Amino acid sequence: MAGGTDVLGRRDRVVLAEDLAGVAEGTSGEVLMHTGMRWLRYWVRFDTGAERGSIHRHKLVREDDWEGFLAQRAAGEAAAASGATSDTGDGSAASDEAPAGANGEAAGDVDVNGATVPAHLLARSAAARQRLGG
């Protein structure tokens, strides 16, 4: 997870931890404001001139913590790569869980504006639409 659980304040300098539409990972910016009470989202003006809203905290890292975040992510990826290949005897990797996507969500989950919609809810919605003739 990129950002911590601490709340970012107005004018805090941040770096984007994953690509957004029109803004590349690693782009620095300044927090304009946060919205929400229990489910905080941030508005950020990036150094490229782009402004984006509704950004989840896990996609933002404080500028001072960026180098440490990159090192921690690289270490986590290396550990996942070395632990992901437990041999089952037939050359395939063993796993008790559904395969994870790029952001750690289960296979079939969809990321919409930083919020993950679980696959079982998507399937339930599709079944309801079919049942209702839509």
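Colleague: Which word fits Arg 73: buried, partly exposed or exposed?
Modeller: This is a predicted model, and in it the relative accessibility of Arg 73 comes to 27%. Buried would require a value under 20% and exposed a value over 50%. Because 27% lies in between, Arg 73 counts as partly exposed.

Colleague: Which residue meets the side chain of Arg 73 in a salt bridge, and how many residues apart are the two?
Modeller: The partner is Glu 25, and the distance from N to O is 2.5 Å. Arg 73 belongs to helix α1, which covers residues 66–83, whereas Glu 25 sits in the loop between β1 and β2, so that distant parts of the chain are linked. Glu 25 is itself partly exposed, with a relative accessible area of 33%. The partner asked for is therefore Glu 25, and the separation in sequence is 48 residues.

Colleague: Why does the salt bridge between Asp 6 and Arg 57 tie together separate parts of the chain, and how far apart in sequence are they?
Modeller: The two side chains meet with 2.8 Å from N to O. Asp 6 lies in the segment before β1 (13–16), while Arg 57 lies in the loop between β4 (51–55) and β5 (60–62), so the pair joins parts whose separation in sequence is 51 residues.

Colleague: Which of the two, Asp 6 or Arg 57, counts as buried?
Modeller: Asp 6 has a relative accessible area of 34%, and so it is partly exposed. The other residue has a relative accessibility of 9%, and because buried means under 20%, the residue that counts as buried is Arg 57.

Colleague: Which arginine in strand β5 also meets Asp 6 in a salt bridge?
Modeller: Here the distance from N to O is 2.7 Å between Asp 6 and Arg 62. Since Arg 62 lies in strand β5 and Asp 6 in the segment before β1, this pair ties together parts that are 56 residues apart in sequence. With a relative accessible area of 23%, the arginine is partly exposed. The residue asked for is Arg 62.

Colleague: Which residues are linked with Asp 6 in a network of salt bridges?
Modeller: A search of the whole structure finds 8 salt bridges, among them those that Asp 6 forms with Arg 57 and with Arg 62. The network that holds Asp 6 also takes in another aspartate, and the residues linked with Asp 6 are Asp 12, Arg 57 and Arg 62.

Colleague: Which residue's backbone oxygen lies 2.6 Å from a polar side-chain atom of Thr 27?
Modeller: Thr 27 is placed in the loop between β1 and β2, and at 13% relative accessibility it counts as buried. Leaving aside neighbours within four places in sequence, Thr 27 is in contact with Val 14, Val 15, Leu 16, Phe 46 and Thr 48. The backbone oxygen at 2.6 Å belongs to Ala 24.

Colleague: Which strands are the edge strands of the open sheet?
Modeller: The sheet is built from 5 strands in the order β4-β3-β2-β1-β5, with antiparallel pairing. An edge strand pairs on one side only, and the strands that do so here are β4 and β5.

Colleague: Which residue in β4 stands opposite Arg 45?
Modeller: Strand β3, residues 41–46, runs antiparallel to β4, and 3 bridges join the two. Opposite Arg 45 stands Glu 51.

Notes:
Residues are numbered from 1 along each chain as its sequence is written. This is a predicted model: local features need pLDDT of at least 70, side-chain atom pairs count only at pLDDT 80 or more; totals for chains, interfaces and linings use all residues. Side-chain values use heavy atoms; hydrogens and water are left out. A salt bridge is a side-chain nitrogen of Lys or Arg within 4 Å of a carboxyl oxygen of Asp or Glu. Helices (H or I, at least four residues) and strands (E, at least two) are DSSP runs, numbered from the N terminus. Buried means under 20% relative accessible area, exposed over 50%, partly exposed in between (1.4 Å probe, protein chains only). A polar contact is a pair of N or O atoms within 3.5 Å; within protein, one must be able to donate a hydrogen and the other to accept it, and residues adjacent in sequence count only if both atoms are side-chain atoms. Contact means heavy atoms within 4.5 Å. Two strands pair if DSSP finds at least two bridges between them.
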